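Me: Could we go through this protein together? I'd like to hear the reasoning behind each label.

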Amino acid sequence: MVANEPQQQQEERKEVKLIQSPNDNNKYRYLKLKNDLEVVLVSDESTDQSSCCLAINIGSLCNPREIEGLAHFLEHMLFLGTEKFPVEKEFVNFIYLNGGTYNGTTSANKTNYYFTVNQESFEEALDRFSSFFISPLMNEDAVNRELNAVDSEHNNNMQKDHWRMDRIINDQFEGHPMSMFFTGDSSTLKRDDIREKVVEFYQSYYSANLMKVCIFGRESLDQLEEYANKYFLPIVNKDVKVPKLPPLTITSKSSIMIEAEPTQDMDLLKFVFPIPDEKLCFSKNYKSSSATILSHILGHECEGSLFSVLFNKDYAFSLSISSNSFYENMNKFEIQIHLTKTGLENVDEIIALLFQSFEFDTPEYFFIEKKILSEINWKSFQKSAPANTTQAITSNLFRVERPEDTLKYNNFLEKFEPQKIKEIQSYLRPDNMICLFYSSTKFKGKTTEIEPHYKIKFNKRYIDQTDYDKWKSFPKNTNLFVPKENPFLPIDTTIKAPQDHSIHIPKEVYNNNGVKVYHSLDHRFNSPKARVNIRFELTSYGNNQSMVMWNLLKKSLKEVLNEKILYYLSVLDFSMKLQILTTHVEFQCYSFNDIIFTALGKVFDFLMNLELNDMQFKRIKEKVAKRFLKSHHLSPYQISMRHLSLHTFNCNSMLLDKQDYLKKVTKSEFLNYFKSLFSYVNFSIMVVGNASVEDACAFGEKINSFTNRNSACPGDVFKLARVNLPSNTITHEKEFLYDANQTNCSSSISFLVGQFNRKTYATTLVISSILGSAYFEELRTKQQFGYVVNCASDCTGNAISMRCIVQSHTKTPEEIFDATMDFFVDFEKTLDYFKTNPSDFNDLIENCQKQNTVKQQSNSAQSSLYWNFFTFCGDFEFEKKKYEDIGKITFDDVKQYYLDHLSPKTANLRIFAAHCYPQSYQIPDDVKPFGNTKVNLLKKNEHDNFRENHGYLSSKVNL
């Protein structure tokens, strides 16, 4: 029997040949192991990193009603030691020290576990990873600590509106598993028998026959198959069936209207239509994608669409649609509309228009458009990061009719099925919906109920015949009709260069009147797309005025250009972002070559000849005002980072000041500001991918053709600079959080190292590779400070610092700071380990080199990397220098770096700590002394004086 096994396996493989893109040179193999575990092997001989993902078809919907959050809690527990590797966090530390990452995610119907690691450490990582599913320990002390981590995670989510909306909507499916509290917290999980219950859940459901695995590496398929059998065949097959859950339907006597208060400034309507028909399961109907086609029609934004009508009535800022499948009899079709102030007063008309928009038949050209794009993307397949690949494949294995379809799952679209679209539409009825009216202004102080887990204040009522009659009474809107065909089809997909896999670094091809263009024609990825990045080099940036004006300009692009051009292009995979960064402003565009320059030409025609009517300006001001107000409700750790930036860079302004300026700005001031600003502006442009040098130069010439623009003097162009913090000094800044309901505090603590140079930067990368995991393990795993714990380098403004961030609902900022300083005192022992173990230090250097020079697998990823290097230091080839520099770093370099910049005992210590407090706290009006180090506490609104008093480090990069 044993001698015949390879032949039998070979015969089985012949039966399953995965459909593969002609542009995909990976090698694939599908296996079904003897324990019924399905595996896809991916061999990529060019990869630097390997990955594995295991997914199981069990998620939060399988939680026992009496222990909500148990599936999520189990996901946390499996990372905390196994019989073969009993040391808690051994897997985590191994992954970090070998240049990798890891994570687990629990969704309603599935739990995912995955990691990436340097190729050379792959088998050792697989050994550790697979043992999660063979012999996890789930020790009692680990159970208690990780319960705190889950509680912190929920506490971090409580003020996030997307979590709150999902919760209050799901809660309406009374008696159905969908109504359970999925993530769990201490109130649902803290019980004497929790370890027994989590072990019982694992034993009941974690069976090989419910699992899918994808193994991605540089090894041959035969070697990867050995790994699969060696490490995953021992997982026990208990022949478990996925619980048969009831179909998702409205369980109450009629449809439901929920009126609820958000945490942020927003006004929206969200409609959820459950669809229990197994024949219509969205994820299973991938060869017609009827739900996707319907979503495209109903979510269209051009003339005739629902959004166009709402937009032109000044009722809506945005409209989005999603279709989600959980199990075959559990599907949701969701529509979300963000309302303007005018829309807020016309909700019934908006609902009436929504149902009117459902009445149209679906023309075949919508299917044809999607099919054309799908075929192009399939033929020009681009590799993604290893972890993205393994996660996508395991997810697809659960969805496909047959394993052969796994790789092509998202690109089938073989048949147009208008009848299925009609059947989905038949469920989009006013008597089959949950409607959430989520408003920060309408319901404040007018609610009567509170959801127990997220403390959502809400009212609930049943929709009745009176509502139906009211919505039907609105006359048919003649501006509602099926949008026309996309005028930008067909797409030119001609590849402009021979694909000989040669590397072409971007080179300067155009330099005239302050416009520089760098170009690289792709010879490696066989993609019909190109990326264009454009940096605005401005003479004024970073103050209140500029931040407000650029935010207004960003909103004006979609306001004016969306209906006629940008939306049509977006559905053809055109992506465009105007990024308002701390350092500069830039455009990022990625699309097909014949589309990208057409779109950018229209955009720059608009920018350089800026015009808006009064209604358009009113609407973009309202959008920006909401965005600014929303920023007050970011997570505390994001707010403490903002305060840190406000005090330590020459480009920042207080949010309240920006809000005040926005209220006063007029349309004429806005238009005149950019007329003046764009009269003296330079541009650095990078064109990479399937675009010729002629195209690139023509675009540079297009920018130069605007008669109202002159080049700016290079010395006048704004450059970000970091404050030169005083030596032997710790500066504290303390603020209350704006959100009165926020219970978390946060501290962002920055250790300034100094001006950028190559050796210091390389040493920073090496020490960061140790610090990140060590800080996380100490403050999050051992001391349980909170869900958000991070330590990483920051080289913004061409100066180097080490930044620690902690968010906690159980510790104060003072405790966070003290624990951080204690950690850095003890960190010397961690470093000294490498002095006595030089081979481990050599491994650390080698892994750091690999982690910082990973091969890019697509044109999009490669061009993004080029641009990152260019904006960082102006050198497209910086990666090679970085690799060489890391290789030269010695243990003595790392130790001296620590002693000079990070040790709390050094006289060179330069720390700025920004602390944010919930309003329920009492902020101490003093700070503790710290040895011989000077300690300062800034007063409120002292950021301008602080920056001026200490000056700035040079932003010049020394290469």
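Reply: Happily. Let's begin with how an angle between helices is taken: axes are lines fitted to C-alpha atoms over the stretch in contact, and angles run from 0 to 180 degrees between N-to-C directions. Please keep in mind that this is a predicted model. Here, the axes of helix 25 (residues 758-782) and helix 26 (residues 813-836) come within 10 Å and cross at roughly 125°.

Me: Why are helix 25 and helix 26 called oblique to each other?

Reply: Roughly perpendicular covers 65 to 115 degrees, and roughly antiparallel needs over 145. The crossing of helix 25 and helix 26 is at roughly 125°, so the pair falls under oblique. The crossing is also right-handed.

Me: What makes the contact between helix 25 and helix 26?

Reply: Contact means heavy atoms within 4.5 Å. From helix 25 come I767, I770, L771, A774, Y775, E778 and L779, and they meet A819, T820, F823, F824, F827, T830, L831 and F834 of helix 26. Sorted by class, this contact has 12 nonpolar, 2 polar and 1 charged residues.

Me: Which label fits helix 25 and helix 27?

Reply: Helix 27 spans residues 838-851, and helix 25 packs with it at an angle of about 100°, the axes being 10 Å apart. Since 65 to 115 degrees counts as roughly perpendicular, that is the label for helix 25 and helix 27. On the helix 25 side, L765, V766, S769 and I770 take part, and on the helix 27 side L844, I845, C848 and Q851. By class, the contact of helix 25 with helix 27 has 6 nonpolar, 2 polar and no charged residues.

Me: Now the sheets. How do you know that strand 1 and strand 4 stand at the edges?

Reply: Look at the order of this open sheet of 6 strands: 1-2-6-3-5-4, with mixed pairing. Strand 1 (27-32) and strand 4 (101-106) each have a single partner strand, so one side of each is left without a neighbour in the sheet. On average, neighbouring strands of this sheet are turned by 10° against each other, direction ignored.

Me: What makes strand 2 and strand 6 a pair?

Reply: Two strands pair if DSSP finds at least two bridges between them. Strand 2 (residues 38-43) and strand 6 (residues 211-217) have 6 bridges, in the parallel sense, so they meet that cut-off. One of the partners in strand 6 is F216, which bridges to V42. Helix 4 (residues 122-130) packs on this sheet and touches strand 3 (49-56), strand 5 (111-118) and strand 6, with its direction at about 155° to that of strand 5.

Me: Which strands stand at the edges of the sheet with the order 22-23-21-24-20-25?

Reply: That is another open sheet of 6 strands with mixed pairing. Strand 22 (788-794) and strand 25 (934-937) each have a single partner strand and are therefore at the edges. Its neighbouring strands are turned by 15° against each other on average, direction ignored. Inside the order, strand 20 (residues 729-736) and strand 24 (residues 910-917) run parallel, joined by 8 bridges, and I730 stands opposite I911 in strand 24. Helix 30 (residues 891-902) lies across strand 21 (745-755) and strand 23 (799-808), at about 115° to strand 21.

Me: And how do you know that the radius of gyration agrees with a compact globule?

Reply: For 959 residues, a compact globule would have a radius of gyration near 30 Å, and the protein has 29 Å, so the two agree. The C-alpha trace spans about 80 × 75 × 65 Å along its principal axes.

Conventions. Residues numbered from 1 in each chain as written. Predicted model: local features only at pLDDT ≥ 70, side-chain atom pairs only at ≥ 80, totals over all residues. Heavy atoms only, no water. Helix = DSSP H or I, 4+ residues; strand = E, 2+ residues; numbered from the N terminus. Parallel < 35°, antiparallel > 145°, perpendicular 65-115°, else oblique. Left-handed = near helix turned anticlockwise from the far one by under 90°. Nonpolar A, V, L, I, M, F, W, Y, C, P; charged D, E, K, R; others polar. Rg over C-alpha atoms; globule rule 2.2 N^0.38 Å.
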